[in-house]
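Colleague: I am new to this structure. Could you take me through some of its details?

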Amino acid sequence: MFPNMKIKTKIAIGIAFLFIVILSLVVVSGYSLYKLSNDSSAIIKDNYESVQYSKNMLNAIDEIKTLQAEKFLNPGKIFDDKKYTDNLAAFEKNLSAEEHDITEPGEGDFTSSLRTNSRVYFNSFAKIKHDSSFNQEVYSEQILPAYRTLKGLIIQVMDVNLQAMIRKNNQAQHTASQAIALMAIFGTLILILALTFSLNFPGYIANPIRELTEGIKQIAEKNYGQSLHFESNDEFGELAAAFNSMALKLNEYENTSLAKTLFEKKRIETIINNMRDAIIGLDENLEILFVNNEASKILGMHAMELTGKYAPDMAIINDLLRSLIKDIVDRVEGVKPVEKQKPMRIVVDGKEAFFNKDILDVKTVGEGEDAKLIGYVIILKDITQFYELDSAKTNFIATISHELKTPISSINMSIKLLEDTRIGDMNQEQHKLVDNVKEETGRILKITSELLDLAQVETGNLQLHYQDVNPIDIISFAYDALRFQAEQKNVKIEISTHGLLPKVKVDVEKTTWVMINLVANALRYSGEMGKILVEAQEKNGFVEFSVKDFGLGIDEKYRDKVFDKFFKVPGTDNSKSGTGLGLAISKEFIIAQGGRIWVESELGKGSRFIFALPIIKVG
């Protein structure tokens, strides 16, 4: 059908055809309804109203006749003029209306006679209605004949209109029959045309699309010998020619590049298999694409058992694989990932080993939304050697720190003896030297204590002794420990607890150590006549402790690093910055007790360190 016609033209013709069909149906229906409406209106307007006028006139003269009968039976009775006048007015009103609604042959003659006889009837009756001589003879010879004549004329007017209504109703039924027959014929014709069009026309569009879709599926399955043949010279014909050309070029490319691609694939697989790191590849649907030799050895499963399988299904029978893909599965399911992961401890060949896990997202070339996620690569880096070195370092630090405590204690004892006046008095210069030695000894003691705490944390030997304690007691311990230092520097420490707080179950010594460390840091960075705000409040099942100073503040780029070991904010006075271990140890102490710690800061406005500990649940 129209092989040289463009698709756009075909669609336009189809839409135009449907529009013409619908318009034709609307026109025929409207015409038929218009004729029926005219016939019905004629019956109502021309005849029905005249019948109503006639009925009203009959009612009026019947009422007047009743008045006449009462006068005849009771000549002495007072005549009801109001009722007579009302009925006379009603008669005149309907007669006038009928005189203006004459639509049928002979109706005008009857109406004219009705007007003449009504005058005679009402005039003769008006003369005698109050006459006491009103008797049967007058009633029988004058009034009753006039009434019968008048009533006969009204009935003739009514009959003329009733006959007309019957005639016009038959005409309307005939019109309706014609309309039904016309609609049936025309509707059947339109239905046949529309059905023929609906069955045939979509095929001219859908069949080429179906063939093109099937061809694309064949190309997707690398069946490049597929070709399309359309007899039409429209856009589908052009598309078929372009498709066949593409399939031919793909077939040529496949034949020339397949060997090279296979070679490159083998080379990449060889490189991955010989890497010392364990590597697992997944596609975007979490199907395992490859597992190198190192990963296969760690998982205890051959690569052939894993490749091509759905990772979560294999994780059911392999606990290590479940741990490796957990972060990816959580991300797919919208679960928030853990902020920082610790090294994984895995037993390989009967020997304990430690690994860092990295997950790389594999995306298509592009930026932002243009880059599509097509898979994941899990890399396990063996850090056993570094972990052993770190453990040796930790043990060395713990040993040295512990060994240093004995000479430091001896030095402190010697200083106390020097300060004892029983041994002898010292001059001012000697007092100054002793004070310097005492200050440096205290600093060394603090450093060794922090190193010992750090060693406890890193070796997992942190011992916690939980007690039920009131949060205000923790603040009070820290305040008492640093009150003298604050008074010496003229720094005011303000405490606010925001009402009665519930108890927390914590290690009092270590939690107080954290609070003292935070307040001491705030004192260190507060100027003379400064102020420190220490607050505690209940919030979301936790008690939040906070220490705010009004010092220099911390730049945003350093806020995430202040809790790292040995980190010192650049630009601060090194003599004030300490060892860089206090906040790292504080974080470990708080996390070990099921809490969390963070910092809020703004340059020039100071810093606010907050840690939260869970409250004791009652019941």
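Colleague: Is K83 buried, exposed or partly exposed, and which value decides that?
Modeller: Buried means under 20% relative accessible area, exposed over 50%, and partly exposed in between, with a 1.4 Å probe and protein chains only. K83 is partly exposed, because its relative accessible area is 34%.

Colleague: What kind of model is this, and how are residues numbered?
Modeller: The model is predicted: local features need pLDDT of at least 70, side-chain atom pairs count only at pLDDT 80 or more, and totals for chains, interfaces and linings use all residues. Side-chain values use heavy atoms, without hydrogens and water, and residues are numbered from 1 along each chain as its sequence is written.

Colleague: With which residue does K83 form a salt bridge?
Modeller: A salt bridge is a side-chain nitrogen of Lys or Arg within 4 Å of a carboxyl oxygen of Asp or Glu. Helices here are DSSP runs of H or I, at least four residues, and strands are runs of E, at least two; both are numbered from the N terminus. K83 lies in helix 2 (residues 81–99) and its partner in helix 1 (residues 7–73), so the pair ties together parts 20 residues apart in sequence. The N to O distance is 3.5 Å, and the partner is E63.

Colleague: Which residue pairs with E92, and is that partner buried or exposed?
Modeller: The closest N and O atoms of the salt bridge between R115 and E92 are 2.8 Å apart. R115 sits in helix 3 (residues 107–128) and E92 in helix 2, 23 residues apart. E92 is partly exposed at 29%. The partner, at 13% relative accessibility, is buried: R115.

Colleague: How many salt bridges does the rule give?
Modeller: One of them joins E494 and K492, at 3.7 Å from N to O. K492 is exposed at 52%, whereas E494 is partly exposed at 28%. The count by this rule is 14.

Colleague: At what angle do helix 12 and helix 13 pack?
Modeller: Axes are lines fitted to C-alpha atoms, for helices over the stretch in contact, and angles run from 0 to 180 degrees between N-to-C directions. Helix 12 covers residues 471–488 and helix 13 residues 508–524. Their axes are 9 Å apart, and the angle is about 35°.

Colleague: Which residue between strand 9 and strand 10 has a positive phi?
Modeller: The loop lies between strand 9 (531–539) and strand 10 (542–548). Phi of the residue is near 55°, although the residue is not glycine. With a relative accessible area of 68%, the exposed residue is N540.
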